[in-house]
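I opened this notebook to record what I looked up, entry by entry, in a predicted model. I begin with one pair of helices and work outwards from there.

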Amino acid sequence: MEQVIEPSVEKVIKPSRKLRKFSIGQFVTMLMLAAFAIVILYPLLWMVISSMKSYNEIFNDVWGLPSTWLVENYSLAWSKDISGYFMNSLFVTSVTIIAVLIIGSMAAFVLARYKTRWIDIALIFTIGGMMMNPQVALIPLFNILTSLDLINSHWALILTYIAYRLPLTILLLRGYFLSIPKELEESAIIDGCTEFGIYRRIYLPMSVPILLTTIVLTAFFAWNEFLFATIFIDSETLKTIPSGLMNFRDALRTDWGVLLAGMVLASLPMIALLIFLQKYLVQGLSEGSVKG
Amino acid sequence: MQRRKFNIIPVLFLLPSIALLLVFVYIPLIQNFYNSFFDFSVFSQTKTFVGFENFKALLADKVVSVALLNNVKYAIISVVLQVGLALVLAYILEDKLFHRVAPFLRVVYFMPVMISISVVALLFGFVYNPQMGLLNSFLELIGLENLKEVWLGNFEIAIYSVIAMSQWHSIGFVTLLFIVAIQKIPKELYEAADIDGAGKIRKFFSITVPQVKEAIFVNTLITITGSMLVFNEPYILTNGGPGFSSTVMSVHMYQTGFVKDNMGYASTLAIIIFILTAVLALIQIKLSRTGKDD
C-alpha cells in the first residue's frame, strides 16, 4: 500500500502524455471502476445520512438529505439498548482476545521449540481444530454448556470463542516463532534464563507484529460472531451487538432512523481498529489462512 | 534436545489449549455423530435410539436438496466473483495507468469488510425493501421500472439477492489479498514481457495468474468452505424464505434443531456440513504447513 500513496514528482509531469494515450478500453475500465466504487460506497453513505432522518423522510424521500439532522437518533439508540449490547460485546471481545493471546502463544511456544513424538501429536491435535466449524458442534455445545450451567452467560461465548480461535492463532504464532533465531535462546540459557523467561522475554517481545494480527483477527471474530451469540444467550441484558441488533430491529419496528444510528454505532469500534491495524490484518491473511 | 530429566513446561503450556479444544471442539464433534443415531429434543433429554432412520430421512427431505443446491450456487458465484473478478480488479488496480486512483479505490472497495455482517444484512434489508428500497428506487430513477422486484420475497430471486449481498461484502477484501500477492511478483517479469511486446491481457494470463496461483488456490478453498457454512446472510435477510427457497444447510439445520426441536435429525444435517467442509479444510492445513517449516 505504501509505495503507491506518494506519487513521485516526475510521475505528475507524465499524465499529459498519458492522457493522449488514454484509449477507449481504459476509459471504459475507469468507468467500471468508478461505478463499482459507487455501488460499494453509496449504501454506506446512505446508512450514515439516513441515520439522522425521520421515518417519514426515509420512507418518502429515499435519496434526500434530512430537512433537520436528527443527531438525537444517536443518543436515543445509545440509551435504548445499544449501550448495553456494546458493553457486553466489549467485555466478551476483550476477555476473548486476552485469553487467546496468552493460551495460544503458550501452546505455540512449546510447539515451535520442542520436537518429540508427543509434540507432533499435540500439533496435529491443535491445528486439526481448524477442520471443525461452529455449525457442526452447535447442538452438542448447547447441551454441554447447559450441563456446565454456562448457557445464557457471557462465559458460554467467551469459552467457545477462545476454543474456535485457538487453532488458527496457534498456526500463525507457531509459524512466526519458528523464524526466531535459535542463538538468542541459547545465549539466554547460558545467562541462566528459565524456560518461562525465554517465552516471556524473547519470544513474546519479538513477535509483536503477529500478536497484533492475532488481536485484529480475534477482535473481528468475537465482535461480529452471530450464531453462538444468538443461540447461547437468551436474556436481553446479556446479548452482544450482532444478536442484540436483531432484537433492536424488532423492538423499534418503524423507528428506522434510530435503528440505522444503532447500526452505525455498532460498526465504529471495528472500523477504528481496522484503520489503525489494517496492515496487520492483511499480513495475517496473506500468510494463507482464513477469511473473517 | 531435552537436557533436563523431566520438563514440566511443555505440559503446562499446552494444557489449556488442549483442554479447551477437547471440551468445546472435539467432544462436541464426536457427540454430534453419536446424536445423529437418536431422536431427541432440547427439553426432554430422553434419547430414543433410531439407528439409521435420520440418515434415511435425509434422502426423503426435499429441503436438503434445495439447501445443498443453494450452497452450490453460493460457491459457484462466489468463486467466479471473489476469486475471478477480484483477481482482475487487483491486476487493474496495480496497473501503472491507474496508480493515481488506486489507493483511493482500494480503500473504498475494502470498506464493507470493516462492517459486521449483521449490520450489512440489516442495511440490505433497506436496499431490497420493495416499497422504499434503494434498489427499486434506483431502477425507478433510471426509468427501468419494469425491472423492479420484491427482491427477498420472490421464490426465484431471493437466494440470488442474498448471494449478491455477500459479494458486495467480501469482494474488496479478496481484492486486497490479491494485491498483496501481485506486489510480490518480481517486476523484471513484466519488464521482460514489455520488451517482448506483450499486451496487458497477455501479461495477465502468462505472468500474473501463474505467479499468484497459490493465492488463487487458497482463496478458492476458503471461498468454497465459506459458501458451504454460510449462515448469517440468509438467516438475517430471509430466514430461508419465502418457503424454503433461499435456505442453506446451516439454516436448515438451525431450524430443524432449534425451531422444530428435532435435535437428532439436525445432528445428521450437521454431519453433512462437516463432510462438505472437512476435506477442504484438510487441504488448506496441508498447504499452510508445507509453506512454513521444514
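**Entry: a helix pair in chain A.** I first looked up the handedness of the crossing of α6(A) and α9(A), and I noted that this crossing is right-handed. I then sorted the residues of the contact of α6(A) with α9(A), which divide into 19 nonpolar, six polar and two charged. For the geometry, I recorded that the axes of helix α6 (residues 72-113) of chain A and helix α9 (residues 154-177) of chain A come within 7 Å and cross at roughly 40°. The two helices, α6(A) and α9(A), are therefore oblique to each other.

**Entry: one residue, A:T218.** Next I turned to A:T218, which I located in helix α12 (residues 208-224) of chain A. Is A:T218 buried or exposed? I put A:T218 down as buried, because 24 other C-beta atoms lie within 10 Å, and the cut-off for a buried residue is 20 or more. Setting aside the neighbours within four places in sequence, I found A:T218 in contact with A:T96, A:I97, A:V100 and A:R165. I also looked up A:A35, which is 183 residues from A:T218 along the chain, and noted a separation of 33 Å between their C-alpha atoms.

**Entry: chain A as a whole.** I listed 15 helices and zero strands for the secondary structure of chain A. Chain A has 292 residues, of which 41% count as buried. When I took the contacts in chain A between residues at least 6 apart in sequence, I noted that 77% of them join residues at least 24 apart.

**Entry: where chain A meets chain B.** I recorded 77 residues of chain A in contact with 74 residues of chain B. On the side of chain A that touches chain B, helix α4 (residues 24-50) of chain A gives the most, with ten residues. I classed the residues of that side of chain A as 58 nonpolar, 15 polar and four charged.

**Entry: confidence.** For the complex, I copied down the predictor's ipTM of 0.85 and pTM of 0.86. For chain B, I noted a mean pLDDT of 87, with 95% of its residues reaching 70 or more. Within chain B, I found confidence lowest in helix α13 (residues 263-292) of chain B, at a mean of 80, and highest in helix α3 (residues 62-93) of chain B, at 93. Over residues 290-294 of chain B I saw the pLDDT fall below 50, and I noted that this stretch has four contacts in the model beyond near neighbours in sequence.

How values were computed
Residues are numbered from 1 along each chain as its sequence is written. Chains are lettered from A and ligands numbered from 1 in the order in which they are written. This is a predicted model: local features need pLDDT of at least 70, side-chain atom pairs count only at pLDDT 80 or more; totals for chains, interfaces and linings use all residues. Helices (H or I, at least four residues) and strands (E, at least two) are DSSP runs, numbered from the N terminus. A residue is buried if 20 or more other C-beta atoms lie within 10 Å of its own, exposed if 12 or fewer, and partly exposed in between; C-beta atoms are placed from the backbone. Two residues are in contact if their C-beta atoms, placed from the backbone, lie within 7 Å. Ala, Val, Leu, Ile, Met, Phe, Trp, Tyr, Cys and Pro count as nonpolar, Asp, Glu, Lys and Arg as charged, and the others, Gly among them, as polar. Axes are lines fitted to C-alpha atoms, for helices over the stretch in contact, and angles run from 0 to 180 degrees between N-to-C directions. Angles under 35 degrees count as roughly parallel, over 145 as roughly antiparallel, 65 to 115 as roughly perpendicular and the rest as oblique. A crossing is left-handed if the near helix is turned anticlockwise from the far one by less than a right angle, and right-handed if clockwise. pLDDT is the predictor's confidence in each residue, from 0 to 100.
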